[in-house]
Amino acid sequence: MGSLFRSEEMALCQLFLQSEAAYACVSELGELGLVQFRDLNPDVNAFQRKFVNEVRRCDEMERKLRYLEKEIKKDGIPMLDTGESPEAPQPREMIDLEATFEKLENELREVNQNAEALKRNFLELTELKHILRKTQVFFDEQEGGVNQTTESMTRALITDEARTTGASMGPVQLGFVAGVILRERLPAFERMLWRACRGNVFLRQAMIETPLEDPTNGDQVHKSVFIIFFQGDQLKTRVKKICEGFRATLYPCPEAPADRREMAMGVMTRIEDLNTVLGQTQDHRHRVLVAAAKNLKNWFVKVRKIKAIYHTLNLFNLDVTQKCLIAECWVPLLDFETIQLALRRGTERSGSSVPPILNRMQTFENPPTYNRTNKFTKAFQALIDAYGVASYREMNPAPYTIITFPFLFAVMFGDLGHGAIMALFGLWMIRKEKGLAAQKTDNEIWNIFFGGRYIIFLMGVFSMYTGLIYNDIFSKSLNIFGSHWHMSYNKSTVMDNKFLQLSPKVDYEGAPYPFGMDPIWQVASANKIIFHNAYKMKISIIFGVIHMIFGVVMSWHNHTYFRNRISLIYEFIPQLVFLLLLFFYMVLLMFIKWIKFAATNNKPYSEACAPSILITFIDMVLFNTPKPPPENCETYMFFGQHYIQVLFVLVAVGCIPVMLLAKPLLIMQARKQANVQPIAGATSDAETGGVSNGGSHGGGGGHEEEEELSEIFIHQSIHTIEYVLGSVSHTASYLRLWALSLAHAQLAEVLWTMVLSIGLKQEGPVGGIVLTCVFAFWAILTVGILVLMEGLSAFLHTLRLHWVEFQSKFYKGQGYAFQPFSFDAIIENGAAAAEE
């Protein structure tokens with residue numbers, strides 16, 4: 001349990017491995033995931049390390065696997081994922097894997113090339129088929145029509161010069177070209193022909209109704225058939241260049257009808273043959289991909305494990321004999337024997353007779369921080385680590401956050417109905433977590449919700465509890481035990497009077513409601529908010545002061561664990577005294593006021609004589625004389641209050657110079673003693689800012705250059721000013737519990753009054769339809785605004801209260817995370833990177 005409240009004790013170890021056993025041993029450590037290796041070759045280029053060739057081979061295998069994966073996804077073939085993680089293959093198995101991947105890639109590329117060539121052939125034949133079919137309109141008209149068309153085209157295409165000479169000319173022979181062009185290029189193509197040929201060409205075009213497949217990328221494209229008539233070789237050359245510029249494809253088209261029919265029959269025959277060959281090619285490709293899809297996930301895992309092992313081996317050093325690899329690593333002390341057992345298993349697998357050696361080393365480096373978590377505590381630890389990773393062996397706020405975080409959230413979000421919605425959503429994710437975890441998704445919002453499912457569930461449960469305390473469910477109250485108020489008003493007055501108030505002097509029976517708020521406050525429209533306002537404001541300050549005191553007490557555990565006597569005496573004690581004598585005293589005044597004064601006319605214990613806690617606290621700090629109380633009322637709430645308050649303020653103010661000067665002066669005194677042992681704890685405090693990592697706690701402590709005395713004074717001044725002023729601002733900051741709670745309750749009431757109550761007032765069959773529609777609208781707004789948006793707001797405010805107001809009292813968060821060599825993490829990160 002110690003690691004739950006502090007990070008694990010770590011040790012820096014030196015590991016000696018025989019070269020033939022190193023691969024198997026590192027593989028076992030990767031499966032274990034409890035060792036963080038250090039790079040012993042920081043100055044060596046990545047391309048000059050011993051196992052760079054093996055890493056390159058793994059990169060090449062990964063490239064081939066990604067190519068296979070892309071082709072499998074293109075065909076929509078499901079990949080088998082059993083969820084199992086195969087062991088890392090032996091080095092000799094790399095050759096078999098490489099051969100398998102090489103064969104698959106070559107076979108698939110050959111199939112793809114053949115399929116692309118066949119598709120290109122098929123496209124050309126299909127386009128030629130459409131050309132022969134579409135141009136048939138131009139050539140197969142009736143004979144008279146043909147002659148007339150030819151004569152009109154001939155007259156249109158005869159040059160002006162020939163017409164003006166009047167020379168006798170023989171029959172004019174028109175040439176033509178036919179082809180296919182992309183439909184969107186056709187208007188520009190037509191304009192260019194007209195301008196470049198000066199109108200001496202005749203263009204006819206017809207659309208191909210069905211889209212054609214581009215063999216290069218598989219896209220569907222729309223094309224049109226065109227035929228261009230012209231006269232002379234010069235225009236022919238010009239037309240062909242324009243077609244080439246617009247990437248139009250020209251096809252031969254015979255002039256004789258018989259030749260065209262013969263060609264069309266040959267084209268159809270070839271298309272049928274190509275369809276058969278294409279189908280066989282696609283079937284073969286599909287069989288290859290289906291076979292590969294069954295093993296692709298496991299292949300990826302194997303290759304990534306091999307690559308990770310060789311990457312790790314590149315961090316090791318070789319001894320002078322080139323037969324032994326030397327590594328340095330951080331390991332948790334609790335898992336020392338488990339790691340040694342894994343090393344023995346690796347040695348036995350490799351067949352080596354020389355056992356590995358794992359020795360602990362002494363070091364002055366700060367060890368990494370390792371907080372062991374499970375699926376429940378992982379999310380709460382992530383909230384803490386988002387602020388900053390704890391320093392080594394520093395008190396971990398995560399276990400306490402499991403309770404305080406959902407509770408403070410619930411104080412702001414307290415509603416039995418809204419809390420139930422949130423709790424049910426969290427419970428659903430918890431019950432279905434195995435299936436939901438298996439469904440990998442790129443939706444970042446969903447991943448955040450699923451990762452925090454236990455936080456959501458606890459926030460919902462705590463909100464249900466505070467909702468019962470507030471007696472608030474969708475802005476209404478539950479009358480479980482019956483009201484303990486007695487009013488002499490009739491029903492119409494209670495239902496219709498918007499200025500109805502509850503008076504404890506007249507209407508209260510004297511027995512409190514057994515649990516939470518009395519439901520009668522729902523009808524007290526005039527002073528309901530005033531009552532809730534005073535109640536929630538005071539409990540916010542009470543919870544805030546207790547939370548801050550708990551944070552200061554947590555710092556005591558840090559000081560005692562690291563044996564920082566100066567910080568314990570001259571920081572912790574003054575901080576705690578300052579907080580208790582000022583702010584905790586203010587909390588005590590609230591309880592005294594609640595106990596002593598009542599809503600009666602019996603002075604001096606009536607509510608008329610009750611002083612304001614805020615005014616009393618201000619007068620106390622400023623040493624002001626309280627204003628004269630009303631007649632027959634006492635000035636102070638208890639005997640000797642004035643003298644006790646003066647004493648409390650003087651002692652609290654006296655704590656400030658102690659926090660400011662004591663520690664720097666003692667450090668300065670210790671440094672002046674030449675050749676004398678410094679005062680215990682002084683040097684370590686100065687060097688580490690109050691948190692020293694003792695060498696007896698798993699691998700050594702901080703060892704840095706001594707700070708200048710001026711810097712120590714500046715740091716201590718900043719720390720003291722921040723604490724003193726922060727105590728005031730942090731106490732006021734907890735008033736957000738009151739503000740958001742009131743805002744949430746009022747929003748829920750507005751939504752009920754302005755939306756759902758409209759449907760509830762309708763009667764008859766029409767009323768049922770209206771109520772159904774209104775309820776749906778109200779439910780959407782409730783979930784969208786009051787649960788999601790208000791829940792997110794309360795979550796962020798709770799997070800701020802923990803990061804700033806609570807953790808600032810004891811938590812520095814200046815460490816670095818333990819990042820062990822783990823196959824699970826490597827494969828998960830590799831899969832996430834591949835999906836991106």
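**Notes on the predicted model**

1. Let me start with Arg57: its relative accessible area is 29%, so the residue is partly exposed. That figure sits between the two cut-offs, since buried means under 20% and exposed means over 50%. Keep in mind that this is a predicted model. The side chain of Arg57 meets that of Glu98 in a salt bridge, with 2.9 Å from N to O. Arg57 belongs to helix H3 and Glu98 to helix H4 (residues 93-134), so this pair links parts that are 41 residues apart in sequence.

2. How many salt bridges are there in total? The count comes to 31. One of them joins Asp39 to Arg49, where the closest N and O atoms are 3.1 Å apart. Both partners sit in the loop between strand E2 (36-37) and helix H3 (52-74), so the bridge ties together parts 10 residues apart in sequence. The two ends are covered to unlike degrees: Asp39 is partly exposed at 35% relative accessibility, whereas Arg49 is buried at 15%.

3. Back in helix H3, there's a pair within the helix itself. Lys73 and Glu69 form a salt bridge at 3.7 Å, N to O. Both are in H3 and 4 residues apart, which is about one turn of the helix. Glu69 has a relative accessible area of 14%, so this residue counts as buried. Elsewhere, Asp59, Glu62, Arg304 and Lys307 are joined into one network by salt bridges that share partners.

4. Now the overall numbers, for orientation. The protein has 836 residues, and 44% of them are buried. Its secondary structure adds up to 29 helices and 11 strands. Take the contacts between residues at least 6 apart in sequence: 82% of these join residues at least 24 apart. The protein exposes about 44400 Å², and carbon and sulfur atoms account for 59% of that area.

5. Which residues make up the nonpolar surface patch? They are Ile421, Phe425, Trp428, Ile445, Phe449, Val783, Ile785, Leu788 and Met789, and the patch comes to about 780 Å². Three helices each give at least two residues to this patch: H15 (416-431), H17 (444-451) and H28 (764-806). H28 has the largest share, with 4 residues. As for Ile421, it is found in H15. Its relative accessible area of 31% makes Ile421 partly exposed, and patch members need over 30%, so Ile421 passes that cut-off.

6. H28 also holds Glu805. Is Glu805 buried or exposed? With 0% relative accessibility, Glu805 counts as buried. Setting aside neighbours within four places in sequence, Glu805 is in contact with Met548, His730, Ser733, Tyr734 and Arg800. If you have the viewer open, this acidic residue is a good one to click through.

7. Ala438 gives a contrasting case. Its place is in helix H16 (residues 433-438), and at 60% relative accessible area Ala438 is exposed. Ala438 and Gly83 are 355 residues apart in sequence, yet their C-alpha atoms are 8.3 Å apart in space.

8. On to the pockets. The second largest pocket has a volume of about 1200 Å³. Its lining runs to 26 residues, and those nearest the centre are Pro504, Trp521, Phe531, Tyr535 and Trp594. Helices H20 (504-507), H21 (528-561) and H22 (565-596) are the elements that provide two or more lining residues. The largest share of that lining is from H21, with 5 residues.

9. Lastly, the enclosed space. Rolling a probe the size of a water molecule over the atoms reveals where empty space remains. How many cavities of 30 Å³ or more does the structure hold? There are 4. The largest cavity has a volume of about 170 Å³. It is lined by 17 residues, and Tyr470, Asp472, Gln522, Lys528 and His532 are the closest to its centre. Two elements give two or more residues to this lining, namely H21 and helix H27 (736-760). H21 thus turns up twice in these notes, as a contributor to the second largest pocket and to the largest cavity.

Note on methods:
Residues numbered from 1 in each chain as written. Predicted model: local features only at pLDDT ≥ 70, side-chain atom pairs only at ≥ 80, totals over all residues. Heavy atoms only, no water. Patch = residues over 30% accessible without salt bridge, like charges linked within 9 Å, V, L, I, M, F, W, Y side chains within 5 Å. Areas by Shrake-Rupley, 256 points an atom, 1.4 Å probe, with all protein chains shown as cover. Salt bridge = Lys/Arg side-chain N within 4 Å of Asp/Glu carboxyl O. Buried < 20%, exposed > 50% of the residue type's maximum accessible area, 1.4 Å probe, protein only. Contact = heavy atoms within 4.5 Å. 1 Å grid on protein atoms, 1.4 Å probe; cavity = no way out; pocket = protein on both sides within 12 Å on 5 of 7 lines; lining within 4 Å. Points joined across faces, edges and corners; volume = space filled by probe spheres on them.
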